[in-house]
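Trainee: I should like to go through this model and ask, for each term applied to it, what justifies the term. May we begin with the interior and then turn to the sheet and the loop?

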Amino acid sequence: MITTLPALHDLPRQNASQVKNKWGEVVRQVRQSGSVAITNHAAVEMVLLDAATYQQLTEDLQTLGAREQTVLAELSARFDSRLAVLQQPEAAQQVGDLFAARGRSARRPKAGASF
């Protein structure tokens with residue numbers, strides 16, 4: 001399950017001095033909201049996350065990475081399969097015959113398995 005996080009501009013904010021001087025209050029706020037944006041001169045410099053949110057983010061990232069690798073492996077296998085067909089000895093002759101036909105075909109062309 002992919003974790004949904006609030007946008008950076010929607011996070012509760014604490015300036016760096018408050019974090020340093022009132023750490024307990026910042027921890028309470030992180031526990032309540034899940035994360036707090038830490039600012040320095042009104043610009044967000046970092047975000048504090050609770051441990052559970054961080055763990056969920058790392059798990060989600062690993063899941064997405066594994067899914068991406070699976071999709072890439074499937075695409076690579078399909079590419080290799082189609083490339084093998086094009087590298088067969090008769091493929092060049094078939095392509096030459098197709099261009100020589102100038103729009104005329106003895107049989108209907110086959111679009112592929114996906115059509």
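Trainee: Which residues make up the largest nonpolar core?

Mentor: In this predicted model, the core consists of five residues: Val 19, Val 26, Val 30, Val 36 and Ile 38. Both α2 and β2 supply at least two residues of this core each. In general, nonpolar side chains tend to be buried together in soluble globular proteins.

Trainee: What makes this set a nonpolar core?

Mentor: The term requires buried residues of types such as Val and Ile, joined through side-chain atoms within 4.5 Å. The five residues named, from Val 19 to Ile 38, make up such a set.

Trainee: With which residues is Val 19 in contact, leaving aside its neighbours within four places in sequence?

Mentor: Val 19 is in contact with Gln 14, Val 26 and Ile 38. Val 26 and Ile 38 belong to the core as well.

Trainee: Why is Gln 29 called buried?

Mentor: Buried means under 20% relative accessible area. Gln 29 has a relative accessibility of 17%, and therefore counts as buried. Its place is in helix α2. Beyond the neighbours within four places in sequence, Gln 29 is in contact with Pro 12, Gln 14, Gly 34 and Val 36.

Trainee: How do you know that the buried residues of α2 line one face of the helix?

Mentor: The buried residues of α2 are Val 26, Gln 29 and Val 30. Viewed down the axis of α2, they fall within an arc of 100 degrees, so they line one face. As a general matter, an α-helix has 3.6 residues a turn, so residues three or four places apart point the same way.

Trainee: What do the two sides of α2 carry or pack against?

Mentor: The buried residues of α2 pack against β1, α1 (16-21), β2 and β3. The face turned away from the buried side carries Gly 24, Arg 31 and Gln 32, which are exposed. Helix α2, residues 23-33, lies across β1, β2 and β3 and runs at about 135 degrees to β2. Just after α2, Gly 34 takes a positive phi of about 95 degrees.

Trainee: What makes β1 and β3 the edges of the sheet?

Mentor: The sheet is open and has three strands in the order β1-β2-β3. β1 (13-15) and β3 (43-49) each have a single partner strand, so one side of each is left without a neighbour in the sheet. Neighbouring strands are turned by 35 degrees against each other on average, direction ignored.

Trainee: Why is the pairing in this sheet called mixed?

Mentor: Strands of a sheet pair through backbone hydrogen bonds, either parallel or antiparallel. Here, β1 and β2 (residues 35-40) run parallel and are joined by three bridges, while β2 and β3 pair in the antiparallel sense over six bridges. Two strands pair if there are at least two bridges between them, so three bridges satisfy the criterion for β1 and β2, and six satisfy it for β2 and β3. Within these pairings, Arg 13 stands opposite Ala 37 in β2, and Val 36 stands opposite Leu 48 in β3.

Trainee: Is β2 mostly covered or mostly uncovered?

Mentor: β2 is mostly covered, with five of its six residues buried. Thr 39 lies in this strand. Its relative accessible area of 8% is under 20%, so Thr 39 is buried. Leaving aside neighbours within four places in sequence, the contacts of Thr 39 include Arg 13, Asn 15 and Val 44.

Trainee: Why is Ala 43 termed partly exposed?

Mentor: The term covers values between 20% and 50%. Ala 43 has 38% relative accessibility and therefore counts as partly exposed. Ala 43 lies in strand β3. From Asn 15 it is 28 residues apart in sequence and 9.1 Å apart in space, C-alpha to C-alpha.

Trainee: What makes the phi values of His 41 and Ala 42 worth remarking on?

Mentor: Most residues other than glycine have a negative phi. His 41 is not a glycine, yet has a positive phi of about 55 degrees. Ala 42 likewise has a positive phi, near 70 degrees. His 41 lies in the loop between β2 and β3, as does Ala 42; the hairpin has two residues between the strands.

Trainee: Why are both called exposed?

Mentor: Exposed means over 50% relative accessible area. His 41 stands at 76% and is therefore exposed. Ala 42, at 68%, is exposed by that criterion too.

Note on methods
Residues are numbered from 1 along each chain as its sequence is written. This is a predicted model: local features need pLDDT of at least 70, side-chain atom pairs count only at pLDDT 80 or more; totals for chains, interfaces and linings use all residues. Side-chain values use heavy atoms; hydrogens and water are left out. Helices (H or I, at least four residues) and strands (E, at least two) are DSSP runs, numbered from the N terminus. Axes are lines fitted to C-alpha atoms, for helices over the stretch in contact, and angles run from 0 to 180 degrees between N-to-C directions. Contact means heavy atoms within 4.5 Å. Buried means under 20% relative accessible area, exposed over 50%, partly exposed in between (1.4 Å probe, protein chains only). The arc is that of the directions from the helix axis to the C-beta atoms.
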